[in-house]
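Thank you for sending this model; my remarks are set out below as numbered points. They are meant to be read with the coordinates open.

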Amino acid sequence: MTTPALLPLSGRRIPPLNLGPPSFPHHRATLRLSEKFILLLILSAFITLCFGAFFFLPDSSKHKRFDLGLEDVLIPHVDAGKGAKNPGVFLIHGPDEHRHREEEERLRNKIRADHEKALEEAKEKLKKSREEIRAEIQTEKNKVVQEMKTKEKKPLPAVPIPNLIGTHGGDPEDNDLREKREKIKEMMKHAWDNYRIYGWGHNELRPIARKGHSTNIFGSSQMGATIVDALDTLYIMGLHDEFRDGQKWIENNLDFSVNSEVSVFEVNIRFIGGLLAAYYLSGEEIFKIKAVQLAEKLLPAFNTPTGIPWAMVNLKSGVGRNWGWASAGSSILAEFGTLHMEFVHLSYLTGNPIYYKKVMHIRKLLQKMDRPNGLYPNYLNPRTGRWGQYHTSVGGLGDSFYEYLLKAWLMSDKTDHEARKMYDDAIEAIEKHLIRKSRGGLTFIGEWKNGHLEKKMGHLACFAGGMFVLGADGSRMDRAGHYLELGAEIARTCHESYDRTALKLGPESFKFDGAVEAVAVRQAEKYYILRPEVIETYWYLWRFTHDPRYREWGWEAALAIEKYCRVTGGFSGVKDVYSSTPTHDDVQQSFFLAETLKYLYLLFSSDDLLPLDHWVFNTEAHPLPVLHLANTTLSRNPAVR
Ligand code: DMJ
């Protein structure tokens, strides 16, 4: 830090201030603050002095002219017309001149008094000890912090809380099931406890290096992604001490006023979804308040020529941009199309329609666009409103857009018919163009790339089995049976992708090519990163069919995770599911606690825990209650302004 220039004051020189040991950064900050404070005082006194001195000069009005360089300055309230020989000179005379003198005298006196007062105050300040000055600064700081906290805690308008049914319990009657459920809970504790010890406050955990971990989706700051993502799982498992611990961290540390560029989609599904679910389950206001604070920070991402949001936004500056890898500067369908559930709840809880309007604008824009073969391409340019490459996928880049169309309808108590229609249309096109049966009889969902079908299915696309059964009821021409069957076939295919590996865990993506069926071919596709989609589908299939095979398959997956992914410091992904001696990737993903373990726990619970006619799970497995009102307009919400 440079020492500020020494300023003369009453003939004294002020020694450089040294208010604390320079070796500690927070002391350095205090020192800088104190110096700035004193400097400001001195400077203001000095300026007042100069300004005052200006008025102590001989009465310039006698010269009838104020000359500041090239320009003459008009004096207010003077007769500028008569006797003016030259346009820049104005004469003052008569009663006006007298009034002007009085006014000038009054001003001079005031400035003199202010100036003396400022000098006195500055002298008083300088008499104080460093400790006193430091204490005063601290008091001021505390005042500001207190004001901010009061503002943060300002209650949001009261709204009727939806029917919250099945937030506890789910104890299965069967002993074997109870043991399995307990085992999953123990796995959750292992994941959480190690994160608590080694990664607390970081976004994720490196269970082998035993330290924090993060990726660019969370930006550059420690936002405790695992804490927020895990809260509702802790809650439904009855891990209340851990839940409270997480809550405390959120209350005291979760701050969104950071200079950090985050993924709008990821932050929405993990943070806003996680906070809203924690709020509904526990009733703790702080979660709602934090969710709303964060949502406000995401809004600038929608400032694009089309209203299609950027993929990333800087939480502090509000500047947005898209991923460099996305086709022609496009936004991604699965990202801008996966905001609806959370944003509708935000409008519901705050009474502020802005969130609802943003997502409905996206929907309206998509409805107007031409769709090749009725399919939604994954890329859309937010500047031009045109599609990028014609790639369509029910896996990565497309997946949760379709999921949210269906869930928007479910969450509206099946009143949002527009969303249901868009879902039905999309699913019909997908079935026609992307879904095929392999030679060996496995139904798979391929990817459409520039006019041809790639016979490859991603682990992410395995969620669709669950989506098809969830959407069966209410389907067009009452094809419920068909969609239940389709969901079961996808579940079987995805189970095969697990069963055909050495570790009994599924690869990131698998092919259907000649003799190759449901197997990864490229080395880069053989990893398993603790993803939930296959187990998610087992759970939906279980809830809708009660076929015991889904619990069996779920248990197989749980055992494989326990055997190959568990390490002393938590759970880790593996790099090659076809190698019997796994290499770990050393990352415990936050979605492992939010989704994988939650779906497993629910699979071994009875159906009265989070029943599906009252709760809709967002794409990160955060349960949000069905809003039993006409929420396509939110018109019956008393909080809507
Ligand atoms: C999760 O973050 C969400 O499920 C998202 O929709 C895509 N997949 C990851 C986990 O695999």
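The points below take up the ligand site, one annotated residue, a small sheet, two backbone angles and one strand residue.

1. Basis of the note. This is a predicted model, in which local features need pLDDT of at least 70 and side-chain atom pairs count only at pLDDT 80 or more, while totals for chains, interfaces and linings use all residues. Residues are numbered from 1 along each chain as its sequence is written, and side-chain values use heavy atoms, with hydrogens and water left out.

2. Shell of the ligand. The residues around the ligand (one heavy atom within 4 Å of it) are Ile269, Arg270, Leu460, Arg531, Pro532, Glu533, Phe591, Glu595, Thr619 and Glu620. Two helices, α7 (264–282) and α18 (590–603), each supply at least two residues of this shell; helices here are DSSP runs of H or I with at least four residues, strands are runs of E with at least two, and both are numbered from the N terminus.

3. Polar contacts of the ligand. A polar contact is a pair of N or O atoms within 3.5 Å; within protein, one must be able to donate a hydrogen and the other to accept it, and residues adjacent in sequence count only if both atoms are side-chain atoms. An oxygen atom of the ligand lies 2.7 Å from a side-chain N or O atom of Glu533, a polar side-chain atom of Glu595 is 3.1 Å from a ligand oxygen, and a polar backbone atom of Thr619 is 2.7 Å from an oxygen atom of the ligand. Of the 290 Å² of accessible area that the ligand has on its own, the protein covers 92% (Shrake-Rupley method, 1.4 Å probe; for residues, only the protein chains shown count as cover).

4. Thr619. An unreviewed UniProt entry places the feature "binding site" at Thr619; UniProt positions are in the numbering used here, feature names are shortened, and annotations may be inferred rather than shown by experiment. Thr619 sits in the loop between β20 (615–617) and β21 (623–625) and, at 13% relative accessibility, counts as buried (under 20% relative accessible area, with exposed over 50% and partly exposed in between, for a 1.4 Å probe and protein chains only). Leaving aside residues up to four places away in sequence, Thr619 touches Phe265, Ile269, Thr338, Ser400, Glu403, Tyr404 and Glu595 (heavy atoms within 4.5 Å), and its side chain makes a polar contact of 2.9 Å with that of Glu403.

5. A three-stranded sheet. The strands of one open sheet follow the order β10-β13-β14, with antiparallel pairing (two strands pair if DSSP finds at least two bridges between them). β10 (391–392) and β14 (452–454) stand at the edges with a single partner strand each, so one side of each has no neighbour in the sheet. β13 (residues 447–449) pairs with β14 over three bridges, and Glu447 stands opposite Glu454 in β14.

6. Positive phi angles. Asp413, in the loop between α12 (399–411) and α13 (417–433), has a positive phi near 60 degrees although it is not glycine, and is partly exposed at 36% relative accessible area. Leu610, likewise not a glycine, has a positive phi of about 50 degrees; Leu610 lies in the loop between α18 and β20 and is buried at 0% relative accessibility.

7. Val516. This residue belongs to strand β17 (residues 516–519) and is partly exposed, with a relative accessible area of 29%. Val516 touches Lys511 and Val521, not counting residues up to four places away in sequence.
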